[in-house]
Amino acid sequence: MSHGLLWLPLLVVFPLITALGWLERRRQRLFREWAEGAELSKLDDCGGARLINGVLAWSTFASGKLVEQGQFQVKTLEKVELLALGSGEAPLTDEAQGACRLRLVSGSEHQDVPFADADRARRWIAELMARSRCEL
C-alpha cells in the first residue's frame with residue numbers, strides 16, 4: 001500500500017508535464033507558420049515578432065492562437081531605445097539583463113515591442129537600424 005502511495009504524485013505530475021509540453025510544441029508550430037518567410041523573427045515568453053518586407057509585426061500567444069499586437073514600418077524608423085519592461089520610461093544600461101522592451105520611434109509616433117531577453121533585444125536594435133538605413 002505504501003509503495004502505491006509513492007507513485008500517486010507521479011501519476012499527477014507526469015500528465016501535467018506532458019500537457020505543458022504539448023502546449024509549448026503547439027505554440028512553436030503556430031509561430032513557425034506565422035513567421036514563415038520572415039527576414040528576422042523571434043519567439044520568447046513575451047511573444048513573437050517578425051520582419052517581412054520592411055514591416056515589423058509582433059504578437060502574443062493567447063487561447064491557442066497568435067494575436068497580433070502591432071505593426072511598424074521599418075523604413076520610417078528614426079530611433080530605437082531599450083527600456084525596462086515594467087517601470088515606465090527607465091532606459092536599460094548596457095549591463096542590464098532580463099525582460100525589456102524596444103521602443104521604436106518615428107517622428108511623434110512610437111511603439112513598444114516586448115522582449116524576454118535584453119541581449120537578444122540589443123541584437124535586434126542593430127538589425128533594425130541596419131535595415132532602416134537600407135530602406136532609405
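This passage walks through the confidence, the long first helix's packing, the aromatic pairs and a few charged residues of a predicted model.

Some ground rules come first. Residues are numbered from 1 along each chain as its sequence is written, and side-chain values use heavy atoms, with hydrogens and water left out. Because the model is predicted, local features need pLDDT of at least 70 and side-chain atom pairs count only at pLDDT 80 or more, while totals for chains, interfaces and linings use all residues.

Confidence is summarised by pLDDT (the predictor's confidence in each residue, from 0 to 100). The protein chain has a mean pLDDT of 84, with 91% of its residues at 70 or more. Among the elements, here helices (H or I, at least four residues) and strands (E, at least two) taken as DSSP runs and numbered from the N terminus, β2 has the highest mean pLDDT at 91 and α2 the lowest at 79. Where pLDDT is low, the predicted coordinates should not be read in detail.

Helix α1 covers residues 2-34. The expected span of a helix is 1.5 Å times one less than its number of residues; for the 33 residues of α1 that comes to 48 Å, and the end C-alpha atoms, 50 Å apart, agree with it. Its buried residues (buried means under 20% relative accessible area, exposed over 50%, partly exposed in between, with a 1.4 Å probe and protein chains only) are Arg27, Leu30, Phe31 and Trp34. In terms of contact (heavy atoms within 4.5 Å), the buried residues of α1 pack against β1 (40-44), β2 (47-52), β3 (55-62) and β4 (65-73).

Arg27 shows how a charged residue fits into this picture. Its relative accessible area is 13%, so Arg27 counts as buried. Within the helix, the Arg27 side chain makes a polar contact with the side chain of Glu24 at 3.1 Å; a polar contact is a pair of N or O atoms within 3.5 Å, where within protein one must be able to donate a hydrogen and the other to accept it, and residues adjacent in sequence count only if both atoms are side-chain atoms. Setting aside residues up to four places away in sequence, Arg27 touches Leu43, Asp44, Asp45 and Phe61.

The structure holds two aromatic pairs. Rings of Phe, Tyr and Trp (its six-membered ring) pair if their centres lie within 6.5 Å, and planes under 30 degrees apart count as stacked, over 60 as edge-to-face and the rest as tilted. Phe31 and Trp34 make a tilted pair, 6.0 Å centre to centre with 45° between the planes. The two residues sit three apart in α1, which means about one helical turn separates them. An α-helix has 3.6 residues a turn, so residues three or four places apart point the same way. Both are buried, Phe31 at 10% relative accessible area and Trp34 at 16%. The other pair, Phe115 with Trp124, is edge-to-face at 5.5 Å centre to centre and 70° between the planes. Phe115 and Trp124 are buried too.

Lys42, in strand β1, ties into both pairs. Its charged end sits over the ring of Phe115, 4.4 Å from the centre; that label needs NZ of Lys or CZ of Arg within 6 Å of the ring centre and within 35 degrees of the ring normal. Leaving aside neighbours within four places in sequence, the contacts of Lys42 include Phe31, Phe115 and Trp124, along with Arg120 and Pro114. Lys42 is buried at 2% relative accessibility, and its side chain makes a polar contact with that of Asp44 at 3.0 Å.

Arg103, in strand β6 (residues 100-106), is likewise buried, at 9% relative accessibility. A polar contact of 3.4 Å links its side chain to that of His110. Beyond neighbours within four places in sequence, the residues in contact with Arg103 include Glu81, Glu89 and Asp112.

Asp119 belongs to helix α2 (residues 118-135) and is partly exposed, with a relative accessible area of 33%. Its side chain makes a polar contact with the side chain of Arg122 (3.1 Å). Asp119 and Gln97 lie 22 residues apart in sequence, and their C-alpha atoms are 7.0 Å apart.

Finally, Asn53 sits in the loop between β2 and β3 and is exposed at 68% relative accessibility. Its phi is near 50°, a positive value in a residue other than glycine. Most residues other than glycine have a negative phi.
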